[in-house]
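Here is a short set of questions and answers for someone new to this structure. Keep the view open as you read.

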Amino acid sequence: MVSAKQYVVGDDKGWTKDFDYTTWTAGKQFFVGDSLVFNYAQGGHNVFKVNGTDFMQCSKPLVGAPLTTGSDEIPLKTTGRKWYICGVAGHCASGQKLVITVSDGSAAPAPTPTSPSTGAVSRSIINAGFAAAMVVVGFFGVVMF
């Protein structure tokens, strides 16, 4: 079980223009149950959750209001790609956008290492011996003819 984490977007820089959020996400893993916190000067920025197309085009969504408190916490409730932009004119184009991938957190259990059984080892040795014998027989068959 993975314990929930709270990620402050941009760490001490917060949610701002001219920041590389792709680098910020590098090495981080986001899971259902975690949350994002967008810290910024209230009135200077906002946060829109958008789809991939709006993200690429830096377009505010047609429906939905932005988050504007200056300390917006967004719980990650579902898996998949999540896109966020600042809707203030020019901010998204200046790099104020974030994309993450959220996983479910249920990793498959690691396989238990096992040693081969004595029977399996014996069969491997017998099979290797048989193959070697066939090569020898084949060699002598070629030499004799």
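Q: What does the accessible surface of the chain come to, and what share belongs to carbon and sulfur atoms?
A: This is a predicted model. The accessible surface of the chain comes to about 9,500 Å². Carbon and sulfur atoms hold a share of 61%.

Q: In what order do the elements of the chain run from the N terminus on?
A: The chain has 3 helices and 7 strands. From the N terminus on, they run β-α-β-β-β-α-β-β-β-α.

Q: What percentage of the residues of the chain count as buried?
A: Buried means under 20% relative accessible area. The chain has 145 residues, and the buried share is 28%.

Q: Of the contacts with a separation of 6 or more, what share comes from residues 24 or more positions apart?
A: A contact here means heavy atoms within 4.5 Å. Among contacts in the chain with a separation of 6 or more, residues 24 or more positions apart account for 71%.

Q: Which cysteines form a disulfide?
A: The count comes to 1 disulfide. Its sulfur atoms lie 2.1 Å apart, and the cut-off is 2.5 Å. The pair is Cys58 and Cys92.

Q: How many residues apart are Cys58 and Cys92?
A: Cys58 sits in the loop between α2 (52–57) and β5 (71–75). Cys92 sits in the loop between β6 (80–85) and β7 (97–103). The disulfide thus links distant parts of the chain, 34 residues apart.

Q: Is the disulfide of Cys58 and Cys92 left-handed or right-handed?
A: The torsion about its S-S bond is about -70°. The disulfide is therefore left-handed.

Q: Is Cys92 buried or exposed?
A: Its partner Cys58 has 28% relative accessibility, so Cys58 counts as partly exposed. Cys92 has 4%. Cys92 therefore counts as buried.

Q: How far away is the nearest cysteine sulfur from Cys86?
A: Cys86 is buried, with a relative accessible area of 2%. Cys86 is in no disulfide. The nearest cysteine sulfur is that of Cys92, at 8.2 Å.

Q: Which strands stand at the edges of the open sheet of 3 strands?
A: The sheet has the order β1-β3-β5, with mixed pairing. Each edge strand has a single partner, so one side of each is left without a neighbour in the sheet. The edge strands are β1 (6–8) and β5.

Q: Which residue in β5 stands opposite Leu36?
A: Strand β3 (residues 35–39) and β5 pair in the antiparallel sense over 5 bridges. Opposite Leu36, in β5, stands Ile74.

Technical notes: Residues are numbered from 1 along each chain as its sequence is written. This is a predicted model: local features need pLDDT of at least 70, side-chain atom pairs count only at pLDDT 80 or more; totals for chains, interfaces and linings use all residues. Side-chain values use heavy atoms; hydrogens and water are left out. Helices (H or I, at least four residues) and strands (E, at least two) are DSSP runs, numbered from the N terminus. Buried means under 20% relative accessible area, exposed over 50%, partly exposed in between (1.4 Å probe, protein chains only). Accessible areas come from the Shrake-Rupley method with a 1.4 Å probe; for residues, only the protein chains shown count as cover. Two strands pair if DSSP finds at least two bridges between them.
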